[in-house]
Amino acid sequence: MTLSRVKVGVVGLGLVGDSHIRAYQAHPKAEVAAVCDLDAARAEAVAASYQIPRWYTSYEEMLADPGINTIEITTPTLLHAPMATAAARAGKNILCEKPFCLTLAEGEAACAAAAAHGVTLAVGESYIFMTPIMKARALIEAGEIGRPLQVRQRFGSWIERPGALETARPITADHRGWRMDSSRAGGAGFPWMFDHCVHFFATAEYLMKDTRIGEVYSLRSDISWMNARDGGSGHAGMYRPENAGDIPIIAWSYDDPACQGVWMRAEALTGKYDPMFGFSVSVIGETGMIEVLGEGGRGLNWQGQDVHLVLHRQGKDTLTFRFDEGGDEIWQSEVSYYSRAHLNQIHEFVAALTSGGAPRYLGADGLRDVRTTMAAICSAREGVPVKVRDVTDRRFEA
Ligand SMILES: NC(=O)c1ccc[n+]([C@@H]2O[C@H](COP(=O)([O-])OP(=O)(O)OC[C@H]3O[C@@H](n4cnc5c(N)ncnc54)[C@H](O)[C@@H]3O)[C@@H](O)[C@H]2O)c1
């Protein structure tokens, strides 16, 4: 049903909640009608600071609020699919943060509930709503590099802006710390990979013009030396991916056998010299190549200039692009991620709900990227390439 106005209830008021509230409030056809968090003081404070009329500590009570037609889910991952299913049954449209689900069965159930109740179910996949990544896709679609053949993703350190997260609530098991705990973040012992690979695979398919990934092969490494050197505790330890799953390289092939991709990161991310930070991607095509910055990205340089996207074309001038969106509120970054990608996606979601269109990253897309992520983790565990279609919950949880 087309809405004249999106009246959203946001559940989960942690790190990412603020940027989502601001994005809805910045859209003329949307408003945040209520917020919900288990932490009553937090819910009350967020409602007061953003002038949101109602706040709840019970999700069920917020779902029963007739003044809400849409639910935004920004809670820990184990709650995503169950909360999405409950919202669909209550007749609310849904934007659910990634990763969409812990198991394929619960993700399928949420998609089925949305279809049965005629509501829109979108999944928060901010990487493919980053302005530079969307520009890369537009250049590829315009034929600037010919047929895209290979995607190379490079992951360096993310560097926090001084003070950006120090003002946030302290990290505890219930607040942000759960992301390194497989029982709440998923991943069968690889929680960081489960939390982040969905981004990497969504981007890999988006920049291959939606060609799907068919098979993945992950390498493991021995990181005991690094843990012995650094310890695994404290803020940095909690967030270091190598402390929560030792997969430094993933390679994949697409359904088109001419196309392939790779994701890689250096082992000792903190303290290792690396001129490029954050997430960056190269897309190699038949007649050209794109290099582009993503989350927390900086250090892309062309002929002495700091740039955000470089387009090399056979027989034509090289073009460069910058996207000066005011930087990022969390990362020391050349491009805007938390500040802008989430807003881009939420505005697309609101535009779809108020025009009768469909958002471009739906529940089925979130489910597919979870399945591909499971394939990558199965591959690391089993030491063999894994076809995405062969992944089942049973194999993943084994
Ligand atoms: N796309 C992105 O760039 C991006 C960035 C950050 C986080 N995320 C995703 O967003 C989600 C939230 O992450 P975060 O870092 O904001 O987490 P967080 O730990 O900072 O916040 C989670 C909040 O949910 C609340 N909560 C937990 N159970 C609840 C319940 N039953 N009812 C109501 N509230 C409840 C907690 O009290 C907490 O305030 C995660 O799935 C994460 O993967 C996505």
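This report describes a sheet, the helices that lie across it, and several salt bridges in one predicted model.

**The sheet**

The model contains an open sheet of 6 strands, whose order is 3-2-1-4-5-6 and whose pairing is parallel. At its edges stand strand 3 (54-56) and strand 6 (121-124), each of which pairs on one side only. On average, and with direction ignored, neighbouring strands of this sheet are turned by 25° against each other.

Strand 1 (residues 6-11) and strand 2 (residues 30-36) run parallel and are joined by 6 bridges. Within this pairing, V6 has A30 of strand 2 as its bridge partner. The chain passes from strand 1 to strand 2 through helix 1 (residues 17-25), and this β-α-β crossover is right-handed. Another bridge partner in strand 2 is E31, which is matched with K7.

On to the next pair: strand 2 and strand 3 are also paired in the parallel sense, over 3 bridges, and here C36 stands opposite Y56 of strand 3. The connection from strand 2 to strand 3 goes through helix 2 (residues 40-49), and this β-α-β crossover is right-handed. Strand 2 is mostly covered, since 6 of its 7 residues are buried. As a general point for reading such a sheet, side chains in a regular strand alternate between its two faces.

**Helices across the sheet**

Helix 4 (residues 80-89) lies across strand 1, strand 4 (70-73), strand 5 (93-97) and strand 6, and runs at about 175° to strand 5. Helix 11 (residues 341-355) lies across strand 1, strand 2, strand 4, strand 5 and strand 6, with an angle of about 165° to strand 5.

How many of the residues of helix 4 are buried? The helix is mostly covered, with 7 of its 10 residues buried, namely H80, A81, M83, A84, T85, A87 and A88. These buried residues pack against strand 1, helix 3 (59-63), strand 4, strand 5, helix 5 and strand 6. Just after helix 4, G91 takes a positive phi of about 80°.

Two further helices meet each other: the axes of helix 5 (residues 104-117) and helix 12 (residues 363-382) come within 10 Å and cross at roughly 175°. Because of this angle, helix 5 is roughly antiparallel to helix 12. On the side of helix 5, the contact is made by L104, G107, E108 and C111, while helix 12 contributes G363, A364, L367, V370, R371 and M374.

**Salt bridges**

Side chains of opposite charge can pair when their charged atoms come close. In the whole structure, a search finds 18 salt bridges, and the table sets out some of them.

| Side chains | Distance, N to O |
|---|---|
| R5 and E31 | 2.6 Å |
| R147 and D256 | 2.9 Å |
| E205 and R212 | 2.9 Å |

What does the salt bridge between R5 and E31 tie together? R5 lies in the segment before strand 1 and E31 lies in strand 2, so the pair ties together parts that are 26 residues apart in sequence. R5 counts as partly exposed because its relative accessibility is 30%, and E31 is likewise described as partly exposed, with a relative accessible area of 28%. E31 therefore takes part both in the pairing with strand 1, as the bridge partner of K7, and in this salt bridge with R5.

The side chains of R147 and D256 also meet in a salt bridge, and this pair links distant parts of the chain, 109 residues apart. R147 sits in the loop between helix 6 (131-141) and strand 7 (148-155), whereas D256 sits in the loop between strand 9 (249-254) and strand 10 (260-265). R147 counts as partly exposed at 38% relative accessibility, and D256 is partly exposed with a relative accessible area of 24%.

For E205 and R212, are the residues of the salt bridge buried or partly exposed? E205 is buried, because its relative accessible area of 2% is under 20%, but R212 is partly exposed, with a relative accessible area of 28%. This pair belongs to a network of salt bridges that links E205, R212, D365 and R368.

Methods:
Residues are numbered from 1 along each chain as its sequence is written. This is a predicted model: local features need pLDDT of at least 70, side-chain atom pairs count only at pLDDT 80 or more; totals for chains, interfaces and linings use all residues. Side-chain values use heavy atoms; hydrogens and water are left out. Two strands pair if DSSP finds at least two bridges between them. Helices (H or I, at least four residues) and strands (E, at least two) are DSSP runs, numbered from the N terminus. Axes are lines fitted to C-alpha atoms, for helices over the stretch in contact, and angles run from 0 to 180 degrees between N-to-C directions. Contact means heavy atoms within 4.5 Å. A salt bridge is a side-chain nitrogen of Lys or Arg within 4 Å of a carboxyl oxygen of Asp or Glu. Buried means under 20% relative accessible area, exposed over 50%, partly exposed in between (1.4 Å probe, protein chains only). A crossover is right-handed if, with the strands pointing away from the viewer, the path from the first strand over the helix to the second runs clockwise. Angles under 35 degrees count as roughly parallel, over 145 as roughly antiparallel, 65 to 115 as roughly perpendicular and the rest as oblique.
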